[in-house]
Amino acid sequence: MADDYLVRIGQLIRDARQHRGWTQTQLAEALATSQSAVNRIERGNQNISLEMIARIGEALDSEIVSLGYAGPMHLRVVGRRRLSGSIDVKTSKNACVALLCATLLNKGRTVLRRVARIEEVFRLLEVLNSIGVRTRWINDGVDLEIVPPAELDMESIDAEAAIRTRSIIMFLGPLLHRMDRFRLPYAGGCDLGTRTIEPHMIALRRFGLDITATEGLYHAQVETAVSPDRPIVLTERGDTVTENALLAAARHDGVTVIRNASSNYMVQDLCFFLEALGVRVDGVGTTTLTVHGVPEIDVDVDYSPSEDPVEAMSLLAAAVVTESELTIRRVPIEFLEIELAVLEEMGLDHDRSAEYAADNGRTRLVDLTVRPSKLEAPIDKIHPMPFPGLNIDNVPFFAAIAATAQGQTLIHDWVYDNRAIYLTDLNRLGGRLQLLDPHRVLVEGPTRWRAAEMMCPPALRPAVVVLLAMMAAEGTSVLRNVYVINRGYEDLAERLNSVGAQIEIFRDI
């Protein structure tokens, strides 16, 4: 009986490994064991502990068996370790989720290169799979292939996965061209306060979309005879709002002008992808986009999203707070120039390489080397602005950086209702941050970081900021329930370990 149990467990592990596109050797490397041990496990010829099952499930992003609630993932961080060497920036999380939504425009096969393997992407794939889209990881799990069905099965949508990602809101633009009526679960994501979808609705009504919200669902109805008869002016220069308008305009048979558009990195990547689909977009990188839509898109397309400037900022901040010399490769410099200008004024010592092209052929990259620096607080406050201003998602990292600088820094995070509140979690680690109101924090530096055990903030960037402070703190810290970090970063702990950090992943079994 026990042998039969082991065989069944082994078959589940083998199926999960093959679904991810891994070889036995790759799984063995992730588990720090041998290929022969993995082979024995998959054949049911080796006893396997609950801890090993949990580790395998974590490596393969798959619940191998249901053993009751195994508990969330935690991080144990040994601080005061200097980083060294070099680390590559991964592809953009926000671009990847927008491109996954954009594949619904295409009847043909899409291959996306080096897709970020993060929880946000996994949740979107679960939603796409549930409505009939075939997806699979190819080329040793590096690239992603997406093949849509002739008809989407919206009645079977995975609501649980959908409500765990705000990206589901970007299904509206493509779907209004595919069906007259459909339902979507409410959008979820980070806990960043109230964020209305009304700007999306104002733009999409111009394409005939009408939304009624009841019982946790958006009920959508499309009047196909309605089309924009004048330029669409977005009421906020938001990234997802702009992307939704682009997705709606892409298959509108005519020319759509979108004004007050975001020109941020993920919007540019979406524009480049739409051009690969045969949709002409004029004005990329500006606040006025002119989209020459095509009513049908049926092409096989291969596209490489560019690198993530927010991850680049995260790695830069890691080097600053740990007083390390670190080279960050493949930095999309166009989307980090303001941040670097501010840091230069604060005294950051760094070099950058000559520019070179990303794999999409359009985005400009550099390699950035950061050195230990004596920083002074900036004279002006740190505040975000739409691109080309300081990136909204990079503001939290300045809380940790300012805490290492001499003097007082005012951070004004005006975009989100309560994200600034989470930055005061740094006080648990020795920081001196004073919350002036829900949007403004006064940071006093320099800081002598100290270890602590604490819960992960429910917002992605503040959560990573806490992790970075733990890396700088004397002693061993514990950060509990880090799912929110996994939403936006691929293997962050392991990659930081590769340049000298000491971060252990563990679970309560």
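Q: How many residues lie between β19 and β20 in the hairpin that they form?
A: The model is predicted: local features need pLDDT of at least 70 and side-chain atom pairs count only at pLDDT 80 or more, while totals for chains, interfaces and linings use all residues. Residues are numbered from 1 along each chain as its sequence is written, and side-chain values use heavy atoms, leaving out hydrogens and water. Helices (H or I, at least four residues) and strands (E, at least two) are DSSP runs numbered from the N terminus. Between β19 and β20 of the hairpin, the number of residues is two.

Q: Which residue of β20 is the bridge partner of Leu 435?
A: Strands count as paired if DSSP finds at least two bridges between them. Strand β19 (residues 432-437) runs antiparallel to β20, with five bridges joining them. In β20, the partner of Leu 435 is Val 441.

Q: Which residue in β20 stands opposite Gln 408?
A: β20 (residues 440-445) also pairs with β18 (residues 407-412), in the antiparallel sense and over six bridges. Opposite Gln 408, β20 places Glu 444.

Q: What distance separates the end C-alpha atoms of α6, and why is it expected?
A: The expected span of a helix is 1.5 Å times one less than its number of residues. Helix α6 (residues 119-130) has twelve residues and should therefore span 16 Å. The end C-alpha atoms agree with this, being apart by 16 Å.

Q: How many of the twelve residues of α6 are buried?
A: Buried means under 20% relative accessible area, exposed over 50% and partly exposed in between (1.4 Å probe, protein chains only). The buried residues of α6 include Phe 122, Leu 125 and Leu 128. Their cover includes α5 (93-102), β4 (134-138) and α17 (483-488), contact meaning heavy atoms within 4.5 Å. Of the twelve residues in α6, the number buried is ten.

Q: Which helix gives the most to the largest nonpolar core?
A: A nonpolar core is a set of buried Ala, Val, Leu, Ile, Met, Phe, Trp, Tyr and Cys residues joined through side-chain atoms within 4.5 Å. The largest has 154 residues, and among those touching the most other members are Phe 171, Phe 182 and Leu 479. With eleven residues, the helix that gives the most is α16.

Q: Which strands stand at the edges of the open sheet β21-β22-β1-β23?
A: Four strands form this open sheet, and the pairing is mixed. Each edge strand has a single partner, so one side of each is left without a neighbour in the sheet. The edge strands are β21 (453-455) and β23 (502-507).
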